[in-house]
Amino acid sequence: MHGYKGCLETERTALLEIKSFFISSVSDNKILPSWVGEDDGMPSDCCDDWEGVKCNATTRRVMQLSLNNTKRLNHYYGTSASLLNMSLFHPFEELQRLDLLGNWFTGIYENRAYDSFGSLKQLKILDLG
């Protein structure tokens, strides 16, 4: 049931997709450097080793994501802000807190037909700042 090195494989994959989303919106591959996968040659446990990720100790599911100021370069270099793809967060069934303060999103969209916040049933705190 558990995925690679402790965290669930589906959530680990989703975290790497979130990293790719942030990188593509600012063209900086130095974002979230601790989030590495097998392709990087340095796989690690997303629950224990990745910055901004907190997991339930028993289920090893992501409970908290702190991605504050991840796109800070977007603001400083004057590039346009982007939309937040909420579909990226659907795999996190136990997500209780999502911090996205300081990322300069201009709005929210999703790639799926159902309500994105409805799929985040455990979400108690959403900080878009």
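Phenylalanine 21 and phenylalanine 22 are both buried. This is a predicted model, so keep that in mind throughout. How are the two rings arranged? Their centres lie 5.7 Å apart with the planes at 75°, so phenylalanine 21 and phenylalanine 22 form an edge-to-face pair. The cut-off for that label is over 60 degrees.

How many aromatic pairs are there by this rule? Two. The other one joins tryptophan 35 and tryptophan 50, with ring centres 5.5 Å apart and planes at 20°, so that pair is stacked. Here the planes need to be under 30 degrees apart. Where do these tryptophans sit? Both tryptophan 35 and tryptophan 50 are in the loop between helix 1 (9–26) and strand 1 (53–55). They are 15 residues apart, and the pair links distant parts of the chain. Buried or exposed? Tryptophan 35 is buried, and tryptophan 50 is buried too.

Now the overall layout. The chain has three helices and six strands. Read from the N terminus, the order is α-β-β-α-β-β-β-α-β. The chain has 129 residues, and 41% of them count as buried. Take the contacts with a separation of 6 or more: 66% of them come from residues 24 or more positions apart. The accessible surface is about 7,100 Å². Carbon and sulfur atoms hold 51% of that.

Next, one acidic residue. Aspartate 99 belongs to strand 4, residues 97–99. Why does aspartate 99 count as buried? Its relative accessible area is 5%, and buried means under 20%. What does its side chain touch by polar contact? The side chain of arginine 97, at 2.8 Å. Then look beyond the neighbours within four places in sequence. Aspartate 99 is in contact with Gln64, Leu65, Ser66, Leu67 and Asn68. Ile125 and Asp127 are on that list as well.

Last stop, the surface. Which residues form a nonpolar patch there? Ile108, Leu126 and Leu128. Together they have about 220 Å² of accessible area. Leucine 126 lies in strand 6, residues 125–127. Leucine 126 has a relative accessible area of 31%, so this residue is partly exposed. A patch residue needs over 30%.

To recap. One aromatic pair is edge-to-face, phenylalanine 21 with phenylalanine 22. The tryptophan 35 and tryptophan 50 pair is stacked. Aspartate 99 is buried, and its side chain meets that of arginine 97 in a polar contact. Leucine 126 is partly exposed, in a surface patch with Ile108 and Leu128.

Definitions and conventions:
Residues numbered from 1 in each chain as written. Predicted model: local features only at pLDDT ≥ 70, side-chain atom pairs only at ≥ 80, totals over all residues. Heavy atoms only, no water. Patch = residues over 30% accessible without salt bridge, like charges linked within 9 Å, V, L, I, M, F, W, Y side chains within 5 Å. Areas by Shrake-Rupley, 256 points an atom, 1.4 Å probe, with all protein chains shown as cover. Salt bridge = Lys/Arg side-chain N within 4 Å of Asp/Glu carboxyl O. Helix = DSSP H or I, 4+ residues; strand = E, 2+ residues; numbered from the N terminus. Buried < 20%, exposed > 50% of the residue type's maximum accessible area, 1.4 Å probe, protein only. Polar contact = N/O pair within 3.5 Å; in protein donor to acceptor, adjacent residues only side chain to side chain. Contact = heavy atoms within 4.5 Å. Phe/Tyr/Trp six-rings, centres within 6.5 Å; stacked < 30°, edge-to-face > 60°.
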